[in-house]
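Me: Please pick one part of this model and give me a close look at it, explaining how it is enclosed and what it packs against. I would like one connected account that ends with the setting of that part in the whole.

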Amino acid sequence: MPGRELLGVEGLTKYFPVKKRLFLSRARSFIHAVDDVTFTVHEGEIFGLVGESGCGKTTTGKLLVKLYEPTCGSIHLDGQDVIQIRRGARLREFRRRVQMIFQDPYESLNPRMTIFDIVAEPLAVQGVRSLVEREERVADMLSKVGLTPPETFMFRYPHELSGGQRQRVAIARAMVLGPEFVVADEPTSMLDVSIRAGVMKLLLELREVLNVSYLYITHDLAVARYMCDRLAVMYLGKVVEVGPTEEVIQEPLHPYTRALIAAVPVPDPTYRREPVEIKGDISAPIDPPSYCRFLPRCPIGDVTCESSPHPSLKEVRAGHFVACHRL
Amino acid sequence: MALLDVGHLTMHYTTKMGDVHAVDDVSFEIDAGEAIGLVGESGCGKTSVAMSLMKLLPDNARILGGKIVFDGLDLVPLPEDEVRKIRWKGISMVFQAAMNSLNPVYRVGDQIIEAIQQHLPLSIEEARAKVAKLYTLVGMDPKLMDRYPHEYSGGMKQRAVIAMALACDPKMIIADEPTTALDVIVQDRILHRIDEIRKELNMAMMYISHDIAVIAEVSDVIGVMYAGRLVELADTVTIFKRPVHPYTIALMSAFPSIKGEKRPLVHLPGEPPDLLNPPQGCRFHPRCRYATAVCQEQVPQYRELEPGHYVACWNPQRKGGVDARA
């Protein structure tokens, strides 16, 4: 299934300054939101990013679509340096190729715009002048996302639609330009169970029909299991484990991944989960120590972990990488 | 006799656009020490049932019929000052998004003390000692009671709110989505703690959630709600292994799991109905693949299919398990 490499991320890092004193002009502390993250996404692949709130998964997504500028590191799309793109025609071209779907369909759609205006806006920005062509493309996209017949939706407003329908509109807006790569940030977490499965299936279908790759951001490992080909698990800005989805979920290797997976409730009352082995609580990655970020909570960490720098990812099985000194 | 006996409870909200049929003909019982899980999607009436039991309803809500017999006393006709004696001491509640309900300018401990003093004749010192005990019970250091809410993490706030609900030694606690906003590792700890406390204190519990996996872990009995009605109720294993209501089956089939065979998810077409104008007959019939003519006309009676297994459906499906058809 893996095609050619579409997106390459290397050493991606984003620090946010923390203001400790009101009148201190230069920030002395930084949140290491994303710290030295490296991965690749192949053509037609769904690459999952999982972890708890505050682990840096959304920041990573926003860096990839240029909503944030990275502190350092590189992003390449089809071999082209994304960070060098600043403005004008090149940025517009980048936006045509890379899009994002946001979490909350109640906030991501302008309540004063009709569905047609919402989905047609990217086309207008990209210079599709002909109204007829815009109408055709919007109608076609709305039917592709299951809002059929499109005429009944085009001139309605977001408040007239249910949550599931709104998220389909947001998907249509992201897909209408025919992007190659889409960052989907928790696209189903606001939706009810019976609606959610439909949107998940739609995203999988669109991958085939439109030949699009995704970075799929989620905190829900069960959803990730169904959506993603490969998974990266993040903890406090670092990727701690990457591998094929089923392998990571069924045989997690990093102690954090093991705890995370053990903590997921299983919809089967006869199933007994393994104990969740993790100490303490999650902290914010403000000026983190140089040793392993997970060490304060790690059940297997020892003195060597404390004297060594944060471990880098090692390939422990074919295609399965783990960042841990003890493995 | 059951600790709580809810019979044919019907509650509507009056709005400018008409009556919202939020809870219609809901009946169930809870024994002392038993845990019932109430599951369903947003707007299905789970929280409205809870608020009716606590009689914490907004002005436009009316209980149109039915009974809520708690410990031998029907709460429906009871005046507010009588209900206040039962609230918190008899039934208490952990509210949805409770962690945002702590007052940011008061110390957390003081807020719990205030709740205790409203209901029990204790001095400040006695109440403080009680809070310290409650903190230990929910797994927190009692020293934290003198801190402010912003110094607490999400999980700690949730524990504090649970401690508050336990303050007057209730016979029953209603927990409305208490872990929904929390990360899984914190959720796991809170779920374990709730379960331990419940068994330690032999307290009955009603746990409300949209997440069937969480419900599976905490409940002895599960009730499934759809569009204001209880559609199926049985012990936890039966609900998961042999569900008979088409909606329960659909809910199970749409829910992804990290364990077991990775079967294709089946999605349920359509949307839940508008409760201002609920469909005639069975409220699920427009989305039901097994619907027949009778489903469109007559409301299916909520009946006992086999001992302890209740269902409201004209065509219960006995093959059980999840639906693999896409």
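Reply: The close look below is at helix 9 of chain B, followed by its surroundings.

This is a predicted model, in which local features need pLDDT of at least 70 and side-chain atom pairs count only at pLDDT 80 or more, while totals for chains, interfaces and linings use all residues. Residues are numbered from 1 along each chain as its sequence is written, and chains are lettered from A and ligands numbered from 1 in the order in which they are written.

Helix 9 of chain B runs over residues 246-254; helices (H or I, at least four residues) and strands (E, at least two) are DSSP runs, numbered from the N terminus. Nine of the nine residues of this helix are buried, so it is largely enclosed by the rest of the structure. Burial here means 20 or more other C-beta atoms, placed from the backbone, within 10 Å of a residue's own (12 or fewer is exposed, in between partly exposed). From one end to the other, the buried residues are Pro246(B), Tyr247(B), Thr248(B), Ile249(B), Ala250(B), Leu251(B), Met252(B), Ser253(B) and Ala254(B).

The cover over these residues comes from both chains: it includes helix 7, strand 9 (221-226), strand 10 (229-235) and helix 8 of chain B, together with helix 7 of chain A.

The part of this cover that comes from chain A deserves a closer description. Helix 7 of chain A, residues 193-210, packs against helix 9 of chain B with the axes 9 Å apart and at an angle of about 45°, where axes are lines fitted to C-alpha atoms, for helices over the stretch in contact, and angles run from 0 to 180 degrees between N-to-C directions. Helix 7 of chain A and helix 9 of chain B are therefore oblique to each other (under 35 degrees is roughly parallel, over 145 roughly antiparallel, 65 to 115 roughly perpendicular, the rest oblique). Their crossing is left-handed, meaning that the near helix is turned anticlockwise from the far one by less than a right angle, whereas a clockwise turn is right-handed. On the side of chain A, Val193(A), Ser194(A) and Ala197(A) of helix 7 make the contact, and on the side of chain B it is made by Ala250(B), Leu251(B) and Ala254(B) of helix 9; two residues are in contact if their C-beta atoms, placed from the backbone, lie within 7 Å. By class, this helix pair brings together five nonpolar residues, one polar residue and no charged residues (Ala, Val, Leu, Ile, Met, Phe, Trp, Tyr, Cys and Pro are nonpolar, Asp, Glu, Lys and Arg charged, the others, Gly among them, polar).

This pair belongs to the contact between the two chains, which takes 33 residues from chain B and 33 residues from chain A. On the side of chain B that touches chain A, the elements giving two or more residues are helix 6 (184-201), helix 7 (212-218), helix 8 (236-241) and helix 9 (246-254) of chain B. Among these, helix 7 of chain B gives the most, with five residues. The side of chain B that touches chain A has 17 nonpolar, nine polar and seven charged residues.

A second helix pair can be set beside the first. Within chain B, helix 3 (residues 108-119) and helix 4 (residues 124-137) pack with their axes 9 Å apart at an angle of about 115°, and the crossing of these two helices is right-handed. Their contact is made by Gly109(B), Ile112(B), Ile113(B), Ile116(B) and Gln117(B) of helix 3 and by Ile124(B), Ala127(B), Arg128(B), Lys130(B) and Val131(B) of helix 4. By class, the contact of helix 3 with helix 4 of chain B has six nonpolar, two polar and two charged residues.

The setting of helix 9 is a chain with ten helices and twelve strands, whose C-alpha atoms fill a box of roughly 65 × 50 × 40 Å along the principal axes. In chain B, buried residues make up 48% of the 326 residues, and of the contacts with a separation of 6 or more, 65% are between residues 24 or more positions apart. Chain A, which supplies helix 7 to the pair, has eleven helices and twelve strands, and its C-alpha trace spans about 70 × 55 × 45 Å along its principal axes. Of the 327 residues in chain A, 46% are buried, and residues 24 or more positions apart account for 64% of its contacts with a separation of 6 or more.
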